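Me: I should like to go through a protein model and learn how each descriptive term is justified. Please set the values against the definitions as we proceed.

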Amino acid sequence: MTQNAGSSENTEQIRGTVGEILLDALIQTGVRYIFGVPGDFNLTFLDVVENHPDVDFISCRNELNASYAADGYSRVAGLGVLVTTYGVGDLSALNGVAGAYAEKIPLIHISGSPPTHAVDRGLPLHHTAADGNFNNVLNCFREFTVESLRLSLSDTASEISRAIRIALTQSRPVYIQLPSDIVNREIFGNVVARPSALFADAVTKKIARRIFDRIDRSVNPVFLVGGAYPRSHFMELLLELAGSRKIPVILSPTAKGILSEYDTRFCGYYKGKQSEKSTSDLLDRADSIVAIGMRYSDVETGLFSDNIDPSALIDIQPEIVTFDQDAVTIPSENILIEEIVNIADLPLAAEGDTSRAAPAQKRDYKRGEQLDSLTHASLWTCIEDFLDEDDIVVADTGTAFSGLMSVKMPQRITVISQPTWASLGYALPAALGASVAARGRRVVVFLGDGSLQMTIQEFSTIVSLNLPILFFFINNKGYTIGKLINGFHAEYNKIPGWDYLQIINAMSPGYDIFYRKVSTVDDFYSAMNCMVSHSKLSFIDMVLPADDFPKGLDKFCAEFANFDYGKPRE
């Protein structure tokens, strides 16, 4: 592949095969690992990947797991890439791609698709409905991506550039069908390595000035942060502004981990009527509420029980901002926030200026005074001492994420979850992707048996890559949230018990993995001490009572039962 200087600083004239140019464009964005499953229509593209010195392909056990892994990788590295084969592979991955769309995670999903001559002739191929329709899969993905396209030999390089740019700028998935017979065809064209830098236009500067002036003259301003934007550059700027101006920051539950509970700026979680009184009072008194990243979903608003004063609200959304109850179009929310911070002309904050005194981390966990049974109440108290700064914490939907909400997080921690899409089974493969992206950082996973039994196959991939992930597994033989919503004793909410040690051993022949099954507080403390000292792939199987759950979860589920079925939970 050859390169020549382009017409602008972000553009390169490239001659090479379609597969080479696509892969090189991804590598230019920082991608170093690609996840997927081989299939007959994507094998020549995987040859290109395998022969490239700067990128590795991680073959997953199924496409759904691969999509979760690419999602987890993207949350740490900035962009995830998934490769599947047409039809069966694509649709197996669609749930994970839809989750990334809902959670605003940038992904590039490359589908090795049938050759163009077969598509042009409408041939009844395998991996299709044998009806000559090659648009049905494409149409499925159009509902859950910001761009879905089939590559051809016309303007190929520019289409590749455009697709990657859209994924990065809109922070959502893009789906690309790569016909098998054009992978090794040579082309020549312009490739934009990364999106061009954006600058505040006159409209953005005017709006930024109005918002800043509104904040500046407010007596009780508040920042309300949702989970649509993780710890991005502009979110860091917003938090810096909060610290400089002593502005309280309230998080939605979906924003867990964006700000430590030990941070002086943190003033609670907003969950509508389910919020703590101090948090609700703070919002009620606020004369300016700057909301960023809020989706106003059922999870963020306590089932739409929010009561935010619209006259005080400055709601910043992608490409639109609402304040003084008027909606104004903006080119980019990122640039708007950067401009607000520029107007504030912030001094550099000293390290630790916003940190409350957090308890010292203990690595010698004290044993309990008696052999108390392990419960959610004792479990999450222990976990609060276990977590360290810079940890990556992955929590599955259900009791794992619910319990984690009660844990005060250390500074600079990354929380990965799927609170909006809430697909059970997400955590284990997502931890694989996150661990690959963040070598050197500790990855800690919390998941239940309902989750683990859906995606446990990917444990073998984690073993083969020798990733030292720490698993905390809630073993209570049931779908706890389902039980609390409806059918507490119903058969459909029960999960069969597995011998997890046998399964783990079957997936890891010859590997040294730390496994401990615990049911008391003392055993749990002992297991955590051993887990830390081993510093390797570890799995604590925590046996909890089937009728136990994190504090407050029953009330939350009762509200959902009434919302879903129009009746209180039985």
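The questions and replies below deal with confidence, sheets, helices, cores and single residues in turn.

Me: What makes confidence a matter to settle before anything else is discussed?

Reply: The model is predicted. Its chain has an average pLDDT of 90, and 91% of the residues score at least 70. pLDDT is the predictor's confidence in each residue, on a scale from 0 to 100.

Me: Where does the pLDDT stay under 50?

Reply: One such stretch is residues 4–9, which have 6 contacts beyond four places in sequence. Residues 360–365 also fall below 50, and this stretch has 19 contacts in the model beyond near neighbours in sequence.

Me: How do you know which strands are the edge strands of the sheet with the order S4-S3-S5-S6-S8-S7?

Reply: This open sheet has 6 strands, and its pairing is parallel. Strand S4 (56–59) and strand S7 (147–150) each pair on one side only, and they are the edge strands. Neighbouring strands are turned by 20° against each other on average, direction ignored.

Me: Why are S3 and S5 called paired?

Reply: Two strands pair if at least two bridges are found between them. Strand S3 (residues 33–36) and strand S5 (residues 80–85) are joined by 2 bridges, so the condition is met. These strands run parallel, and Gly 36 has Val 83 in S5 as its bridge partner. Helix H4 (residues 88–103) lies across S5, strand S6 (107–113) and strand S8 (174–179), at about 155° to S5.

Me: What is the pairing in the sheet of 7 strands?

Reply: The pairing of this open sheet is mixed, and the strand order is S12-S11-S10-S13-S14-S15-S16. Its edge strands are S12 (266–269) and S16 (326–329). Strand S11 (residues 249–251) and S12 pair in the parallel sense over 2 bridges, with Tyr 269 in S12 as the bridge partner of Leu 251. Helix H9 (residues 233–245) packs on the sheet, where it touches strand S10 (221–225), S11 and strand S13 (288–292).

Me: In which sense do S15 and S16 pair, and what do they form?

Reply: S15 and S16 pair in the antiparallel sense over 4 bridges. In S16, Thr 329 is the bridge partner of Ile 320. The two strands form a hairpin with 2 residues between them, and Asp 324 in the turn has a positive phi of about 50°.

Me: Why is H11 described as largely enclosed by the rest of the structure?

Reply: A residue is buried when its relative accessible area is under 20%. In H11, 9 of the 12 residues are buried, so the helix is largely enclosed by the rest of the structure. Among the buried residues are Glu 333, Ile 335 and Leu 336. The buried residues pack against helix H8 (202–217), H9, S13, S14 and S15. Helix H11 (residues 333–344) runs at about 130° to strand S14 (313–317).

Me: How do you know that the span of H11 is close to the expected one?

Reply: From its first C-alpha to its last, H11 reaches 17 Å, which is close to the 16 Å expected at 1.5 Å a residue. Just after H11, Asp 345 takes a positive phi of about 50°.

Me: Which residues touch the most other members of the largest nonpolar core?

Reply: They are Phe 472, Phe 524, Ile 540 and Met 542, in a core of 70 residues. H9 gives the largest share of this core, 7 residues. Phe 524 has contacts that include Leu 374, Cys 382 and Val 518, leaving aside its neighbours within four places in sequence.

Me: Is Ser 113 buried or exposed, and how do you know?

Reply: Ser 113 is placed in strand S6. Buried means under 20% relative accessible area; Ser 113 has 1%, and therefore it counts as buried. Beyond residues up to four places away in sequence, Ser 113 touches Phe 41, Tyr 86, Gln 177, Leu 178, Pro 179 and Ser 180.

Me: Is His 489 buried or exposed, and how do you know?

Reply: Exposed means over 50% relative accessible area; His 489 has 67%, and therefore it is exposed. His 489 lies in the loop between helix H17 (480–485) and helix H18 (500–507). The C-alpha atoms of His 489 and Ser 288 are separated by 47 Å.

Note on methods:
Residues numbered from 1 in each chain as written. Predicted model: local features only at pLDDT ≥ 70, side-chain atom pairs only at ≥ 80, totals over all residues. Heavy atoms only, no water. Axes fitted to C-alpha atoms, helices over the stretch in contact; angles between N-to-C directions. Contact = heavy atoms within 4.5 Å. Core = buried A, V, L, I, M, F, W, Y, C linked by side-chain atoms within 4.5 Å. Buried < 20%, exposed > 50% of the residue type's maximum accessible area, 1.4 Å probe, protein only. Expected span 1.5 Å × (residues − 1).
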